[in-house]
Amino acid sequence: MNIKYKNKRNRLVAVLVALAIFVGFCPLNTANVTASSAVTVASVEHSTYVFTDDVGGLTVTYYNDIYSRGFCWFTAESNPATELYVAAGDLGENTAFTESHKVPEANCSSVLATDGGSYYSHKAHITGLTPGKTYSYKVGGNGHYRYGTFTVESSGISKIDIITLTDAQTKNLSLLHVWENTAAQSIGVMQNPDFVLYGGDQYDVGGRVNNSSVLAYGAALDTVTGRIGSIPYMAAAGNHDYQVTVNRADINYADSNDPGYYSFDYGFAHFVVLNTKGMGGMPDFTAQKTWLENDLEAANQNDKTKWTIVMIHNGPHSTGDHSADKYSKNVSDYFAETFSRYHVDLVLQGHDHTYSKTLPYRWDTAGRTTSYGDGTIVNYDVLTA
């Protein structure tokens, strides 16, 4: 997906794109990439993926703005140490990190959890990074580390390149390899995206190891992070993600009351990530809607915001197996009119394992209908049939 600067919007428009294609990956500007010419060897061997002292399931995200970074990973119970070192420059694995490069312990935490075996979930973050500057880091502890580099966004952003992924969850391991290979190809075509938006369901049922959701999550995630390295990975909660709650990335959730939704500004665009289902149970839609309305109102009052984009797992519209779900209607009741009223430009959703997109629409609150760009009127009560 390539987003370019546009003039301040002046009409009520929202576009919905369902992004849960069969292989769980859809970079919008590389539609010619298919699984038929995929890499022949999957990058992660799921049958032997286990908890070890090494760093697994590493994600790098924004923390409280794009000039900060959060890190999350897991290790076996035998390695509880949580350490993050950050140094200026592209220095590689041979960097002589010193104590002066270590972030304060107050910015680090670990939690012991159980899921097909005991493991530690580690989180660490650093803030106040310099725009445009490149940094090297290592995370881990007790002699087990992973290394990486990242370049902080510049202060003047005129173009945004994003990879969107969703729903790695499949029914068997061979299908997950298709997802892996297609993701690898698409990441190669995109080259250097600014960040990744993930629409939820971040682990695969078919590739589940030792009855562990976290291991399957880590195996699928390592497929991606092994390719994208330190590119920020901003994810929504999916209905299959509830068992990996403790191992989610270290994000400061925009002061929301529910740690499953958040927002961030990237140059001229405002991004909102919602929680429709997952994270240990049903979210509080009422509180989340209030937060969303306040967040979108602030974005509309910001003259720098030219685009508003929402990522959501269970979407308000469906052309797939979930089209008749009452849950889809519930999401529509809480959010679809809000998207239209606050001029959201694009909504990305997962969950359906299909690809579809709507025309721009305008929500009619009185009749629960939507007028699309071609004049078609749709009554969403049919979703309960």
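A strand here is a DSSP run of E covering at least two residues, numbered from the N terminus, and two strands count as paired if DSSP finds at least two bridges between them. With that in hand, let's walk through this predicted model.

Start by selecting residues 108-114 for strand 6 and residues 118-126 for strand 7. These two strands form a hairpin with 3 residues between them. Zoom in on the turn and click Gly116, which has a positive phi of about 65°. Now look to either side of the turn: Thr114 has Ser118 in strand 7 as its bridge partner. Following the hairpin along, you will find antiparallel pairing between strand 6 and strand 7 over 7 bridges.

Next, widen the view to the sheet around this hairpin. Its 4 strands run in the order 3-4-7-6, as an open sheet with antiparallel pairing. Select strand 3 (56-61) together with strand 6: both stand at the edges with a single partner strand each, so one side of each is left without a neighbour in the sheet. Turn the view to follow the twist, which averages 15° from one strand to the next.

Stay with strand 3 and add residues 69-76, which make up strand 4; the two pair in the antiparallel sense over 4 bridges. Pick out Gly56 and you will see Phe74 of strand 4 opposite.

For the last stop, select residues 134-141 (strand 8) and 144-151 (strand 9), an antiparallel pair with 8 bridges. Here Thr134 stands opposite Thr151 in strand 9. This hairpin has 2 residues between its strands, and Asn142 in the turn shows a positive phi of about 55°.

Terms used:
Residues are numbered from 1 along each chain as its sequence is written. This is a predicted model: local features need pLDDT of at least 70, side-chain atom pairs count only at pLDDT 80 or more; totals for chains, interfaces and linings use all residues. Side-chain values use heavy atoms; hydrogens and water are left out. Axes are lines fitted to C-alpha atoms, for helices over the stretch in contact, and angles run from 0 to 180 degrees between N-to-C directions.
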